[in-house]
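Biologist: Please take one small part of this model and walk me through it slowly. I would like to know what it is made of and what lies around it.

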Amino acid sequence: MSNRLAHETSPYLLQHAENPVDWLPWSDEAFAEARRRAVPVLLSVGYSSCHWCHVMAHESFEDEETAAYLNEHFVSVKVDREERPDVDAVYMEAVQAATGQGGWPMTVFLTPEAEPFYFGTYFPPEPRHGMPSFQQVLEGVRTAWADRRDEVAEVAGRIVRDLAGRTLAFDAPHPPGQDELHAALMGLAREFDAVRGGFGGAPKFPPSMVLEFLLRYHARTGSEGALQMVQATCEAMARGGIYDQLGGGFARYAVDAGWTVPHFEKMLYDNALLCRVYAHLWRATGSDLARRIALETADFMVRELRTAQGGLASALDADSDDGSGAHVEGAFYVWTPEQLREVLGEEDGRFAEGYFGVTEDGTFEHGASVLQLPDGEPLVDAARVASVRQRLLEARERRPRPGRDDKIVAAWNGLAVAALAETGAYFDRPDLVEAATETADLLVRTHMDYHGRLTRTSLDGQAGTHAGVLEDYADVAEGFLALAAVSGEAVWVEFAGLLLDTVLRHFAAPDGAALYDTADDAEALIRRPQDPTDNAAPSGWTAAAGALLSYAALTGSSRHREAAERALGVVTALGSRAPRFIGWGLAVAEAVLDGPREIAVVGSLEDPATRALHRTALLGTAPGAVVAVGPPGSEELPLLADRPLFQQRPAAYVCRNFTCDAPTGDPKVLASLIVGRS
């Protein structure tokens with residue numbers, strides 16, 4: 001055998017194509033080879049921007065002696081978790097059930113029937129901190145396989161039976177009501193960090209989906225407490241080291257509770273979700289900070305993640321060359337006082353130290369500091385700050401850049417379409433709307449077939465071989481619906497409908513109350529994954545519920561509305577118990593409670609009066625409100641049907657729960673109809 005990764009489309013797998021380990025991708029061929037040789041399978045799961053994945057690869061998978069042992073006694077399978085979230089989810093569930101924790105790199109030993117029997121994450125090359133060395137693990141697994149095969153088979157069978165028995169049962173076939181949403185708010189208030197913003201302690205992750213729920217809860221109820229949690233968290237993140245104070249964009253998470261030191265990789269999904277959160281916070285409050293962060297994050301995505309095909313790359317690595325040839329985490333982003341003075345001169349260097357919280361001792365490692373705004377937005381010379389930022393950014397551009405994972409993931413690009421379209425519309429940035437449109441075009445052209453089926457990933461314009469999972473269908477549909485609202489192009493609603501029909505046909509349980517993460521005709525794993533809780537991005541289950549609800553409001557489809565409401569039953573069951581982990585489901589439930597409102601703007605898009613009504617409609621804060629805009633007599637969208645001009649002028653119609661207000665041509669009247677509390 002030899003390494004078989006050279007022709008894969010995953011940059012993560014391609015990083016391992018030169019390893020002396022005889023890697024195979026996840027495939028029938030790999031397990032057939034294990035059966036033929038009667039050896040176990042080493043399953044190694046990671047992703048391109050994972051720091052400890054790179055460490056283990058360098059220590060073990062690039063080591064000739066370790067590779068020779070693996071090649072003799074195992075079939076080695078390498079999986080990109082971003083390309084195969086289904087494989088990752090199934091075996092991560094087994095790892096967490098067996099060890100109480102999980103993470104990446106994920107290291108699992110399987111029988112040739114793909115049943116897991118031994119688990120771990122990172123293993124060092126020598127024993128340390130109570131961990132065995134990777135060589136010791138390999139020898140132990142080989143010995144058990146050779147001498148106690150029956151015992152291994154029994155353990156594997158029991159694990160698979162235990163996983164199969166983990167059915168998700170809940171007795172709540174209806175969406176949450178006001179009482180359940182209030183209970184969720186109270187649960188979040190108890191876990192809120194009133195000093196540093198966010199929820200819980202270290203490590204601290206951006207709670208994007210929860211913030212969307214809180215903004216909608218505030219819009220519906222006027223709750224100041226809900227809004228304050230959003231404002232405090234958004235300000236703390238924007239001021240912290242988790243936000244790139246020079247180039248914009250957010251890192252994956254902070255290792256501390258105060259948002260100071262990030263884990264430096266930048267993921268597309270975080271930035272798409274947070275861009276949208278800050279844009280929505282600006283919509284609710286007019287905050288200058290929220291406006292700046294939304295625009296800077298959008299610009300970061302387009303500037304640094306855009307690919308030649310018009311899509312957005314998955315991630316930037318945490319590590320980069322520190323100038324000496326060594327790859328070091330955060331090297332691209334951190335500064336010492338001396339480095340500031342070298343770029344800025346003595347006087348501006350001292351100013352930058354104070355402004356960005358750079359100290360002699362450093363806030364990170366080796367005396368370096370992560371740039372932050374410890375004093376918020378102090379009263380300083382704005383022109384001086386802009387000059388300092390620009391000079392530091394130009395100097396940073398001369399450093400070796402972090403690697404970029406150019407893989408296009410359908411779901412994350414769908415999230416980005418929504419964020420870029422809305423941010424562009426709110427802040428009169430047609431270039432951002434154009435970027436959203438180009439990304440949506442790529443998804444249709446490269447990822448979607450005529451039957452409404454999606455491919456999960458592509459690279460350099462070439463579609464991968466892996467089927468889309470539920471989050472792909474849901475998030476791409478969400479992006480298309482947001483783009484339709486901004487652009488007035490009904491074709492995006494049609495595409496969303498195709499995807500959502502696939503969801504109902506292939507991802508729904510027979511009773512319609514549950515959704516699966518993989519299609520009914522997808523590759524069968526040891527368990528069909530199903531998870532209604534949010535992780536770094538909205539769960540596919542609740543994201544699908546949100547897209548189904550919006551589509552129903554735009555088209556009048558009772559079938560899609562009923563499907564959305566059934567899917568939200570799991571939020572009724574979990575919302576008050578674990579609100580931090582089902583935030584998007586709670587946000588969608590807010591939209592159900594509000595209607596959602598349906599806003600039809602009728603008039604020529606060339607008419608300034610139409611554009612004024614359309615902009616007002618997009619800026620409404622009513623939870624989950626849908627917007628359609630088009631000329632009178634348009635039949636492309638049911639929401640626009642039978643809506644004439646009002647007194648021969650462009651008009652807006654607002655409907656809710658089968659009742660419509662009188663049409664208006666006055667943006668101020670329209671604005672009063674689409675705030676949450678009315």
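Modeller: Let's begin with a word you will need: a residue is called buried when its relative accessible area is under 20%, exposed when over 50%, and partly exposed in between (1.4 Å probe, protein chains only). This is a predicted model, in which local features need pLDDT of at least 70 and side-chain atom pairs count only at pLDDT 80 or more, while totals for chains, interfaces and linings use all residues. Residues are numbered from 1 along each chain as its sequence is written, and side-chain values use heavy atoms, with hydrogens and water left out.

The part I have picked is helix H5, residues 85-99. Helices (H or I, at least four residues) and strands (E, at least two) are DSSP runs, numbered from the N terminus. How far should the 15 residues of H5 span at 1.5 Å a residue? The expected span is 1.5 Å times one less than the number of residues, which gives 21 Å for H5, and its end C-alpha atoms agree with that, lying 20 Å apart. Just past the helix, Gly-100 has a positive phi of about 80 degrees.

Which residues of H5 are buried? They begin with Pro-85, Asp-86, Val-87 and Asp-88, and go on with Val-90, Tyr-91, Met-92, Glu-93, Ala-94 and Val-95. Among the elements that cover them are the strands S2 (41-46), S3 (75-80), S4 (106-110) and S5 (116-120), along with helix H7 (149-164). Contact here means heavy atoms within 4.5 Å.

Now look at S4, one of those covering strands. Five of its five residues are buried. Met-106, Val-108 and Leu-110 point one way from the strand, whereas Thr-107 and Phe-109 point the other way.

What does S4 pair with? Two strands pair if DSSP finds at least two bridges between them. S2 and S4 run antiparallel and are joined by five bridges; here Leu-42 sits opposite Phe-109 of S4. S4 is also antiparallel to S5, with four bridges between them. Follow two of the residues across to S5: Val-108 has Phe-119 as its bridge partner, and Leu-110 has Pro-116. S5 is mostly covered too, with four of its five residues buried. Together S4 and S5 make a hairpin with five residues between the strands, and in that hairpin Ala-114 takes a positive phi near 70 degrees.

To practise reading a helix this way, try H11, residues 268-285. From first C-alpha to last, its 18 residues reach 26 Å, close to the 26 Å expected at 1.5 Å a residue. Of those 18 residues, 15 are buried, so H11 is largely enclosed by the rest of the structure. Just after H11 comes Gly-286, with a positive phi of about 75 degrees.

Back at our starting point, the picture comes together: strands S2, S3, S4 and S5 and helix H7 are among the elements covering the buried residues of H5. Of these strands, S4 bridges to S2 and to S5. If you trace the chain on screen, start at Pro-85 in H5, pass Gly-100 just after the helix, and go on into S4 at Met-106.
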